[in-house]
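Visitor: Please take a single part of this structure and go through it closely. I would like its surroundings covered as well, with cut-offs for the terms used.

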Amino acid sequence: MSNDIAIKAYREGKLPFPDGAIIAALHYRNVPSDENNKVFGKVQSFVPGPPTNIQFMVKDSTKYAATGGWGFGHFQDGKPANAAFMQPCFPCHEKAKGTDLVFTRYAP
Amino acid sequence: MKRVIYLLVAFATVAGVALLKAPASGQSDREAAPIYEVKLPPGYRDWPVISVAHEAGDNNDLRAVLGNDLAMKAYRKGTLPFPDGTIIARLAWVYTASEENDKVFGRQQSFVAGPATNVQFMVKDSIKYAATGGWGFAQFKDGKPDATAKLETCFPCHQPAQARDYVFTQYAP
């Protein structure tokens, strides 16, 4: 999901994302749905189980100049992760340099 | 009798669609899907997320279920049945391996949304759709009512979810 600034940039194909863009990743366990599978008559349906964590990328080209303009956040049960946990975010996202360090593409 | 009229209207709509080529201006999104006469709700792609799912098997898609304000309010409060005016949208895309992501992770593990398949809607109107649990069903493909959709199968299939007002998808917090 994302805020209005990010969605607008996604839809217009605007890169880099403008300051103020925020992209959120909500994560859940991947759980088979017995209820749905019963309806389909076979095991095929996977739905969100318990939430695991929520991650954010926040664009501020001045404040986060050292990390490609992006600040990274990771929350579990509403509480932030410690600094050490956040170290790998930027080096890993650098691999998506061609899309302003953002892996996720817009699904129409 | 009402059903016959619906079917006639549906037939006329489909026939009309077949004769009139969709204009490039995008006006095609105002065509009503058959039987329930549901039109593509404007702005649905901006609605909040209710949940997501992966259907393997024949569909093999990734899907996102979105809701309009009335749907979201009912979901978050646990209101059942859903009030009239509720619309639930199901977007789906081909379940696709992401080579780009897999390269970063160093192994095959990432599946993302590929090309869009179709978009389905459930529209609540307890009077208009009294015969089908208060729900009208529709399927669109590329912004147009999907002529291949068998909308008459929607309601019978949704019956097992009667306890949740015929809606399978549960809210993911």
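Guide: What follows is an account of one helix, α2 of chain B, and of its surroundings. The model is predicted: local features need pLDDT of at least 70 and side-chain atom pairs count only at pLDDT 80 or more, whereas totals for chains, interfaces and linings use all residues. Residues are numbered from 1 along each chain as its sequence is written, and chains are lettered from A and ligands numbered from 1 in the order in which they are written.

Chain B has four helices and six strands; these are DSSP runs numbered from the N terminus, with helices being H or I of at least four residues and strands E of at least two. Their order along the sequence is α-β-β-α-β-α-β-β-β-α. Of the 173 residues in chain B, 30% are buried. Buried stands for 20 or more other C-beta atoms within 10 Å of a residue's own, exposed for 12 or fewer, and partly exposed for the range in between, with C-beta atoms placed from the backbone.

In α2(B), the residues Ala71(B), Ala74(B) and Tyr75(B) are buried. Viewed down the helix axis, the buried residues of α2(B) fall within an arc of 100°, so they line one face of the helix; the arc is that of the directions from the helix axis to the C-beta atoms. Asp69(B) and Lys77(B), on the other side of α2(B), are exposed. Gly78(B) follows the helix and has a positive phi, near 70°.

The buried residues of α2(B) pack against β1, β2 and β3 of chain B. Two of these strands, β1(B) and β2(B), pair in the antiparallel sense over six bridges, where pairing requires at least two DSSP bridges between the strands. Val49(B) has Leu66(B) as its bridge partner in β2(B). Five residues lie between the strands of this hairpin, and Gly57(B) takes a positive phi near 70° there.

The strand β1(B), residues 49–55, is also joined to β2(A) by two bridges, and those two strands run antiparallel. Ser45(A) has Glu55(B) as its bridge partner in β1(B). Between the chains, 17 residues of chain A are in contact with 18 residues of chain B, contact being C-beta atoms, placed from the backbone, within 7 Å. On the side of chain A that touches chain B, β2(A) gives the most, with five residues.

The helix also contributes to the largest nonpolar core, a set of buried Ala, Val, Leu, Ile, Met, Phe, Trp, Tyr and Cys residues joined through C-beta atoms within 7 Å. Among its 34 residues, Tyr36(B), Ile88(B), Ala89(B), Phe121(B) and Ala138(B) touch the most other members. At least two residues of this core come from each of β2 (61–67), α2 (69–77), β3 (87–97), β4 (111–124) and β5 (135–141) of chain B. Beyond its neighbours within four places in sequence, Ala138(B) is in contact with residues including Tyr36(B), Phe121(B) and Leu151(B).

Key:
Contact = placed C-beta atoms within 7 Å.
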